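These entries record what I looked up concerning the ligand site, the pockets and two points of backbone geometry.

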Amino acid sequence: MNTAPTVRSISDLSSDVADQHAKVLLVDDDRDNLLALHAILEPLGQELMLASSGLEALRFCLEHDFAALLLDVRMPDMDGFETAELIRARKRSSHTPILFLTGYRSDEQLFRGYDLGAVDFLFKPIVPEVLQSKVAVFVELSRKEQLLRRKTEALERTERKFRAVLEAAPDAMVITDESGVIQLANSRTDSIFGYAREQLMGSKITSIIPGWDPVWSERAAASNPLCVPETRVVALRRDGSTFTAQITTSPFEVDGTCITTAIRDATEQVQAEQRILRINAELEKRVSERTADLMRSNDALRQFAWAASHDLQEPTRMVLAYSQWLRKSGHSKLNEKEQNMLTCVEQNSQRLQALLEAIREYIYISESGDEQWTTVDCNALVHNVLGTLQGAITESNAVVECMPLPALESVEILLTQVFQNLVGNAIKYRADGQTPQIIITSCTNNDGHCVFSVQDNGIGIEPQYAEYIFNVFKRLHGQNYSGTGIGLAICKAAVERLGGRIWVESELGKGSTFRFAIPQRKPA
Ligand code: ADP
C-alpha cells in the first residue's frame, strides 16, 4: 500500500521542537548537592540527568545533546576543568554551554574556566532563582538553535527536490528575476544553448531569447493554469546559430517576482508542420485536378446520355408508329401469336419512350445551371401537382389531405418534380384493395430548414432499402408496378440542387413517410 509522503510545514517543526524536553546535565560528586540542584531545576520541566563524576559526565556527553551542563569545579579524580576540557574536545559537545559551580571566587579559576569555554560561573551557596533563570535561558537558546537547524535541513531538502525536478524537466528551464537576469538554469539549458551554466548565471535571458518579454509571464498568470499560452520565438545559441523555440513563462513570488521560462527546441515540430502544409497543398492541388477531370468526364457522359436519349427517341417513335399502323392495317391478316408479338413490340417501345423521357428529365434536373429562384407558394404548387395527378387520384379513390404549407424562396420546377414523384408513388404503391390515404405536411427544423413530408398507407419499404431506392434504376417492386426507377433519383437530385436532403421512414406493410428538408431561401 502506498502511503502519501508527509509534508511538514515550518510551523509543524516549531511545535515539534516546543513539545520536546531539553536535556540538562548536572555534575557533582556530592550526592546531596546533586539532589538539591535537581530540586531547584525540576520546576523548569526539562529532562535532568545526574552524573556524580567527570567520567560519568563524559559518558553522558557521548550519548546525548545537552542544552546546558552544570559542572562542579571541585571533584576528586577529575575536577570540573579537566572534565570541561575533555567535553569540549569532543565534536558533539564542543559547543554545549557549561556553567561552573564553585565555592571560591578566584580570578585564576575564572580565567581558566572562561578559557575552557565556560559561559558562566555560579557561586555557592547557589541562589535557586538565579540558577533557574540562567538554565532557562540556555534551554530556550538550545530550543531555538534546534529549530534553526531543523528549518535549515527542511529548506535544504526542499531545494534538493526543486533542483531534481528542474533537472528532470525535458525542457531548458531558466529562472530569472523580473528584469530577466538569470538566477538558475538546468543542465538542459547548457545542451540546448551550448553554454556552461556558470556563464549564464547573472546574465540577461535576452542573450539566449532576444525577444523575451516579462509581459508573457503576466499573460500566463492571468490565463487558465491548465492552458498556459505558448509563444514561438527565435532562440540564439552560443555559436550564433538560431532556432525556433517554443516557450512558456510563469511568475512566482520569492523575495520579489521571479519568472520561470521553459524553453523547448521546436525545430522538428516546425519542420513537421511545414511538411504537413506542403503535403496538404499538394493534396489539395491533386484533389482539384482530379475534381476537374471528373467534372470533365461527367460532363462528357452527361452530354452523351442526353444525345443518346434524344437520338433514340425518333427511332423508338417510328417503331411505335409502324407497329400501330401494322395493327390497324394488317390486323385481320395476323394470327393470334403474331398479334401478341405486335402487342409486345408496342409495350416495349412505350416503355423505352418513357425511359428515355425519364433519363432526359433526370439529366435536366441534376445539371446545375442558372435556375430561377422565386417566392414559391407551396399550397398553390401542391394544388397544381394534385391537378396533374387527378386521373390517378380518381382512379384509385385516393384521399389526399394537405396541411397549410409555407411560401419560401425556391425553384418552382424542381419542387414540382419532387411533389409529383412523391405523391405519384404514394398512389402507385398502395396496398391491394386499400384506398390510398395521403397526408402532406411541413414544419421547420432546428437548422431553420423547411421539412416537408408525404405520408402514405401503402405497401411500405424494408428499412435496409431506405437509401438504395434513391439511386437511378433501383426498384423494389418492378414485377407488379410500372415505372422507370428514376423518380426518386430525380427527387434526390432536385432536393440537393435546392441545398437540402431527402430520406424515407418506412416499414414493410406499414406505409411510408418521405421527408425532405430544404432551406427557406437561396443558399449563399
Ligand atoms: P419507380 O416508381 O418508377 O419504380 P422510383 O424511383 O420512383 O421509381 O421509386 C424507386 C422504388 O422505390 C420503387 O420501384 C418502389 O419499389 C419504391 N418506392 C417508391 N415510393 C414508394 C412508396 N411510396 N411506397 C413503397 N415503395 C416505394
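**Entry 1: the shell around the ligand.** I sorted the residues of the shell around the ligand by class and obtained eight nonpolar, eight polar and four charged. The model is a predicted one. I counted 20 residues surrounding the ligand. Asn 425, Tyr 429, Arg 475, His 477 and Leu 488 are the closest of them. I then asked which elements each supply at least two residues of this shell. I found helix H14 (412-428), helix H15 (487-497) and strand E17 (512-518).

**Entry 2: distances to ligand oxygen atoms.** I looked up three side chains here. For Arg 475, I recorded 2.5 Å between an N or O atom of the side chain and an oxygen atom of the ligand. For Asn 425, I noted a polar side-chain atom 2.8 Å from an oxygen atom of the ligand. For Lys 428, I entered 3.0 Å between an N or O atom of its side chain and an oxygen atom of the ligand. Next I checked the cover: the ligand taken alone exposes 530 Å², and the protein buries 98% of that.

**Entry 3: the largest pocket.** I asked which pocket corresponds to the space taken by the ligand. That space is the largest pocket, for which I noted a volume of about 860 Å³. I counted 36 residues in the lining of this pocket. Those nearest its centre are Asn 421, Asn 425, Lys 428, Thr 484 and Gly 487. By class, I recorded 14 nonpolar, 16 polar and six charged residues in this lining. I listed helix H11 (336-366), H14, H15 and E17 as elements that each supply at least two residues of the lining. How many residues does H14 give to the lining of the largest pocket? I found seven, and H14 gives the most.

**Entry 4: the second largest pocket.** I recorded about 540 Å³ of space in the second largest pocket. Its lining comprises 22 residues, and I noted Asp 65, Phe 66, Ala 67, Ser 142 and Arg 149 as those nearest its centre. I traced the largest share of this lining, seven residues, to helix H6 (residues 128-168). The class division that I entered is seven nonpolar, eight polar and seven charged.

**Entry 5: backbone geometry.** I looked up the peptide bond between Lys 124 and Pro 125 and found it to be cis, with omega about -5 degrees. I placed Pro 125 in the loop between strand E5 (118-123) and H6; H6 is also the helix entered above for the second largest pocket. I then looked up Asn 397 and recorded phi near 60 degrees, a positive value in a residue other than glycine. I located Asn 397 in the loop between helix H13 (390-396) and strand E12 (399-402).

Definitions and conventions:
Residues numbered from 1 in each chain as written. Predicted model: local features only at pLDDT ≥ 70, side-chain atom pairs only at ≥ 80, totals over all residues. Heavy atoms only, no water. Near = heavy atom within 4 Å. Polar contact = N/O pair within 3.5 Å; in protein donor to acceptor, adjacent residues only side chain to side chain. Areas by Shrake-Rupley, 256 points an atom, 1.4 Å probe, with all protein chains shown as cover. 1 Å grid on protein atoms, 1.4 Å probe; cavity = no way out; pocket = protein on both sides within 12 Å on 5 of 7 lines; lining within 4 Å. Sits in = over half its atoms within 2 Å of the grid points. Helix = DSSP H or I, 4+ residues; strand = E, 2+ residues; numbered from the N terminus. Nonpolar A, V, L, I, M, F, W, Y, C, P; charged D, E, K, R; others polar. Points joined across faces, edges and corners; volume = space filled by probe spheres on them.
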